[in-house]
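Work through the exercises below with the sequence and the coordinates at hand, and attempt each task before reading its solution.

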Amino acid sequence: MPRGPAPLAVARQEFPGTVQAWCEQGFSICEGYLLELQALHLDGNAEGLLAMIEAQPDPEMAAEAMARANVLVSGAAFAQLSGRPQLLETGAPGPCWPMLANLWRAMEMSKGDLPMPRLAPAFERRLREALRLS
């Protein structure tokens, strides 16, 4: 009996270190992920996250960016297919709110004199709810 192709398995990865250490390495990087997760939440658009992964100068950094995106997104996974990062939906893609709450807290602790990013009201309300629940 012929069988179709095997389902594609995408492993979830944890990125090395803590969210706090990650934000201390580059507040603007964390800000970029936050704003792209806002676009995913409000518009269902993951193109910015894909562009962040593709923009990395070497495969190791691209793998790290993909691992971070995978931790911050639920209902989907990023994977390298045919040499390009792609979004594979496993449900309804959206922010992983508990991880996003951790990211926000880490950004607040590492921002120094930098202002926190301005967020769309609907996204900020949902983020504040996640902060209260975590």
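**Exercise 1.** In this predicted model, determine which residues of H6 are exposed and which are buried, and then decide how the buried ones are arranged around the axis.

*Solution.* Begin with the exposed residues, where the cut-off is over 50% relative accessible area: Pro121, Arg125, Arg132 and Leu133 of H6 meet it, and they lie on the other side of the helix from the buried ones. Next, apply the limit of under 20% for burial, which selects Phe123, Leu127, Ala130 and Leu131. Because these buried residues cover an arc of only 100° around the axis, they fall on the same side of H6. Finally, look for what covers them: the cover includes helix H2 (27-43), strand S2 (84-95) and helix H5 (97-110).

**Exercise 2.** Compare the span of helix H6 (residues 121-133) with the expected value.

*Solution.* Helix H6 has 13 residues, for which 18 Å is expected at 1.5 Å a residue. From its first C-alpha to its last, H6 reaches 18 Å, close to that expectation.

**Exercise 3.** Describe the backbone and the surroundings of serine 82.

*Solution.* First locate serine 82, which is found in the loop between strand S1 (73-81) and S2. Its phi is positive, about 55°, although serine 82 is not a glycine. Most residues other than glycine have a negative phi. Serine 82 counts as exposed because its relative accessibility is 78%.

**Exercise 4.** Establish where confidence is low.

*Solution.* The chain has a mean pLDDT of 84, and 87% of its residues reach 70 or more. Over residues 1-13, however, pLDDT stays under 50, and the model has 15 contacts beyond four places in sequence for them. Where pLDDT is low, the predicted coordinates should not be read in detail.

Definitions and conventions:
Residues are numbered from 1 along each chain as its sequence is written. This is a predicted model: local features need pLDDT of at least 70, side-chain atom pairs count only at pLDDT 80 or more; totals for chains, interfaces and linings use all residues. Side-chain values use heavy atoms; hydrogens and water are left out. Helices (H or I, at least four residues) and strands (E, at least two) are DSSP runs, numbered from the N terminus. The expected span of a helix is 1.5 Å times one less than its number of residues. Buried means under 20% relative accessible area, exposed over 50%, partly exposed in between (1.4 Å probe, protein chains only). The arc is that of the directions from the helix axis to the C-beta atoms. Contact means heavy atoms within 4.5 Å. pLDDT is the predictor's confidence in each residue, from 0 to 100.
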